[in-house]
Structure formats: structure tokens, C-alpha cells
Amino acid sequence: MEMLVDYFSDIPSLHRGMILAGGIALFWVLESLQPLFVFEYRKWHHAGINIFFTFTTVIVNFVLAFILLMTAQWTIDNQFGVLQWLPTLEIWLFAIIGLLLLDLIGAYLAHYVQHRIKWMWRFHLIHHTDTWIDTTSANRHHPGESVIRFLFTALAIIITGAPMWLVFLYQSLSVVFSQFNHANISMPKKIDRLLSWFIVSPDMHKVHHHYVLPYTDTNYGNIFSIWDRLFGTFSILDRDKIVYGVDTHMAPAQHNRLTNLLRIPFQRSSSD
């Protein structure tokens with residue numbers, strides 16, 4: 001465990017990039033071997049759009065990274081946050097509690113709020129317009145949403161008092177888990193259902209990508225499934241009944257053109 005702490009305390013940017021790229025490559029291969037759905041789409045074109053948004057997310061996080069570093073150091077220097085107020089714990093227990101809290105605030109809460117606040121939803125909508133969910137969909141976030149998610153991560157650090165090594169560990173796990181639960185892979189239903197008691201499984205998250213309410217407003221979790229079960233936002237839908245996308249943006253011109261996706265947050269919606 002100490003080796004893990006030392007590694008993530010000073011993880012090179014190159015290694016973080018390799019985790020991101022390696023996860024996409026791994027699940028891309030698994031999708032080809034055991035797909036959940038056989039999509040009729042231009043896979044490379046679709047991937048190109050989603051990878052563009054992946055790069056914009058990386059750029060946003062890189063440019064604003066100093067905020068996370070300063071925030072984490074401030075919590076340590078001032079002994080502020082839940083982890084700083086707890087008695088001395090074994091490092092593994094410290095890490096588990098920290099990961100749970102970072103996931104609650106930085107992922108679940110951020111996701112929930114974006115579905116509830118109209119102007120935030122307009123940015124998050126780009127993620128939901130994808131009608132061919134695969135591992136590249138994991139980072140299909142408008143640059144504006146990337147900033148919103150970054151700010152929630154900073155908030156999570158303040159509340160939890162997480163040191164930077166734990167933040168880097170959380171972000172690395174978050175990336176891989178997101179790629180996993182978006183991947184177009186077919187797992188035995190019993191195994192998927194068992195996993196969903198502990199982590200966000202592929203079937204569990206894909207319910208969230210069903211094209212109509214109320215399913216769109218459920219299963220907000222990213223790493224741990226406990227938060228959806230605890231707060232009553234967990235739902236189940238048979239994988240054969242899932243239709244990806246959002247009912248307001250089902251036309252290819254709306255969801256499969258990069259220029260339109262970038263403009264969606266600023267377009268007038270039918271409810272305005």
C-alpha cells in the first residue's frame with residue numbers, strides 16, 4: 001500500500017495518459033470480441049467525435065490542475081476535511097473512505113446536479129445524445145461540462161480533505177471504471193447483477209443512457225453503486241429494452257456532428 005501511495009504521490013503525466021489510452025484500447029478490443037449490441041455505425045467516425053471530447057477534457061484538467069494541487073495542500077496545511085478530522089487509520093481504510101467520499105461528491109453529486117439544474121443539463125446533454133454507447137463514450141463531455149466536473153472535484157477535495165495522492169488514485173480509477181461501464185461488452189447477467197451491488201456495472205450504467213425518463217434520471221454513480229441504492233436513484237431495465245440517446249436529439253444531424261454538439265448548450269430548447 002505504501003508503494004501505491006508513493007506512486008500516486010508523484011505519478012507522471014505520461015503515466016496518467018497511458019492509463020486513459022490503455023483503458024480505451026483494452027475495452028475497445030473486448031467490445032470487438034464480445035459485443036453487447038451489434039451497432040450499424042461508422043465506429044471510427046463515432047470514436048473520433050468522442051476522442052475529440054476526451055482531449056478537450058484532458059486540456060481542461062491540465063490547465064486547471066494547479067487548483068487541485070493548491071486545494072489539496074490547503075486541506076493538509078489547515079487540517080481541514082473529513083479525512084483530516086478522523087483519528088489515525090490504517091492506510092487502506094483511509095484510502096477506501098476517501099475514495100467513497102470523492103466518488104460521492106466528485107461523481108454522484110456532480111452528475112445528479114447536472115440533471116437537476118437546467119443550464120448544467122444543457123452541457124451534460126452532449127454525453128446523453130450518443131446513440132451508440134461504447135467505451136469511447138465515457139469521456140464524451142462538452143468542455144463546459146469538463147469545467148463543471150472539475151469544480152466538483154475541487155469541492156470534493158475541500159470537503160474530504162484528501163491528499164493529492166488519493167486524488168490522483170481516484171481520478172485514475174474513475175477513468176477506468178467509466179470506460180468499463182460504458183463499454184459495449186456482453187457480460188453474463190448474473191455476474192453483472194452481482195457486481196452492481198458493489199460497483200457500477202455495465203448493465204447498471206446503460207440504464208442511465210436509456211432515451212426517455214424516468215430512466216435517464218437514475219443510476220448516477222461512476223465507481224461505487226452504493227450511492228444510487230442509498231439515495232433511491234437505483235433502477236433496473238432489461239438490457240434488451242434499452243434504447244440509447246435522448247428523445248429530443250435522436251436525429252444524426254443532432255447527435256453525430258461535432259459542430260452541432262459543441263453548439264447544443266447555447267441552442268434554444270423546445271421548453272424555452
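# Reading a predicted model, feature by feature

Me: What is the volume of the largest pocket?
Reply: The largest pocket has a volume of about 1100 Å³. Please keep in mind that this is a predicted model.

Me: How does one find a pocket at all?
Reply: The general idea is that rolling a probe the size of a water molecule over the atoms shows where empty space is left. Here, the largest pocket is lined by 41 residues. To find its centre, look for Arg-16, Thr-57, Asn-61, Gln-171 and Val-175, which lie nearest to that point.

Me: Which elements give two or more residues to the lining of the largest pocket?
Reply: They are helix H2 (13-33), H3, H5, H7 and H8. H3 provides the largest share of the lining, 10 residues.

Me: How many residues of each class are in the lining of the largest pocket?
Reply: Sorted by class, the lining has 19 nonpolar, 20 polar and two charged residues.

Me: Now the core, please. What is the general idea there?
Reply: In soluble globular proteins, nonpolar side chains tend to be buried together. In this structure, the largest nonpolar core has 37 residues, and the members that touch the most others are Leu-68, Leu-102, Trp-165 and Leu-166. Two or more residues of this core come from each of helix H1 (2-9), helix H3 (43-77), H5, helix H7 (143-160) and helix H8 (164-182). H8 gives the largest share, nine residues. Apart from this core lies another one, of 10 residues, including Phe-37, Phe-39, Tyr-41 and Ile-242.

Me: Can we zoom in on one core member? Which residues is Trp-165 in contact with, leaving aside its neighbours within four places in sequence?
Reply: Trp-165 is in contact with Val-5, Phe-8, Ser-9, Ile-91, Phe-94 and Ala-95.

Me: Is Ser-172 buried or exposed?
Reply: The way to read this is to look at the relative accessible area: a residue under 20% is buried. Ser-172 has a relative accessible area of 10%, so it is buried. Its place is in helix H8. Beyond its neighbours within four places in sequence, Ser-172 is in contact with Phe-8 and Ile-19.

Me: And Trp-85, is that one buried or exposed?
Reply: Trp-85 counts as exposed because its relative accessibility is 54%, and the cut-off for exposed is over 50%. Trp-85 lies in helix H4. Leaving aside neighbours within four places in sequence, Trp-85 is in contact with Gln-79 and Phe-80.

Me: You mention Gln-79. Where is Gln-79 found?
Reply: Look in the loop between H3 and helix H4 (82-85). Gln-79 counts as partly exposed, because its relative accessibility is 43%. Its backbone is worth a look too: phi of Gln-79 is near 50°, a positive value in a residue other than glycine.

Me: What is phi of Asn-219?
Reply: Phi of Asn-219 is near 50°, a positive value in a residue other than glycine. Asn-219 lies in the loop between H10 and H11. With 0% relative accessibility, Asn-219 counts as buried.

Me: Which peptide bond is cis, with omega near 5°?
Reply: Check the bond from Leu-213 to Pro-214, which is cis. You can find Pro-214 in the loop between helix H10 (202-208) and helix H11 (226-230).

Me: How should I read distances along the chain against distances in space?
Reply: Put the two side by side for a pair of residues. Arg-116 and Asp-217 are 101 residues apart in sequence, and their C-alpha atoms are 8.9 Å apart in space. For Trp-85 and Leu-125, 40 residues apart along the chain, the C-alpha atoms are separated by 38 Å.

Me: What does the side chain of Arg-116 make a polar contact with?
Reply: The partner is the side chain of Tyr-220, at 3.2 Å. Arg-116 itself lies in helix H5 (residues 91-116) and counts as partly exposed, with 43% relative accessibility. Apart from neighbours within four places in sequence, Arg-116 is in contact with Asp-217 and Tyr-220.

Me: One last residue: where does Asn-256 lie?
Reply: Asn-256 lies in the loop between helix H12 (252-255) and helix H13 (258-263). Asn-256 is buried, because its relative accessible area is 14%. Not counting residues up to four places away in sequence, Asn-256 touches His-45, Ile-49 and Trp-132.

Technical notes:
Residues are numbered from 1 along each chain as its sequence is written. This is a predicted model: local features need pLDDT of at least 70, side-chain atom pairs count only at pLDDT 80 or more; totals for chains, interfaces and linings use all residues. Side-chain values use heavy atoms; hydrogens and water are left out. Helices (H or I, at least four residues) and strands (E, at least two) are DSSP runs, numbered from the N terminus. Buried means under 20% relative accessible area, exposed over 50%, partly exposed in between (1.4 Å probe, protein chains only). Contact means heavy atoms within 4.5 Å. A polar contact is a pair of N or O atoms within 3.5 Å; within protein, one must be able to donate a hydrogen and the other to accept it, and residues adjacent in sequence count only if both atoms are side-chain atoms. A nonpolar core is a set of buried Ala, Val, Leu, Ile, Met, Phe, Trp, Tyr and Cys residues joined through side-chain atoms within 4.5 Å. On a 1 Å grid over the protein atoms alone, a cavity is a set of points where a 1.4 Å probe fits but cannot get out, and a pocket is an open set with protein on both sides within 12 Å along at least five of seven lines; lining residues have an atom within 4 Å of a point. Grid points are joined across faces, edges and corners, and a volume is the space filled by probe spheres set on the points. Ala, Val, Leu, Ile, Met, Phe, Trp, Tyr, Cys and Pro count as nonpolar, Asp, Glu, Lys and Arg as charged, and the others, Gly among them, as polar.
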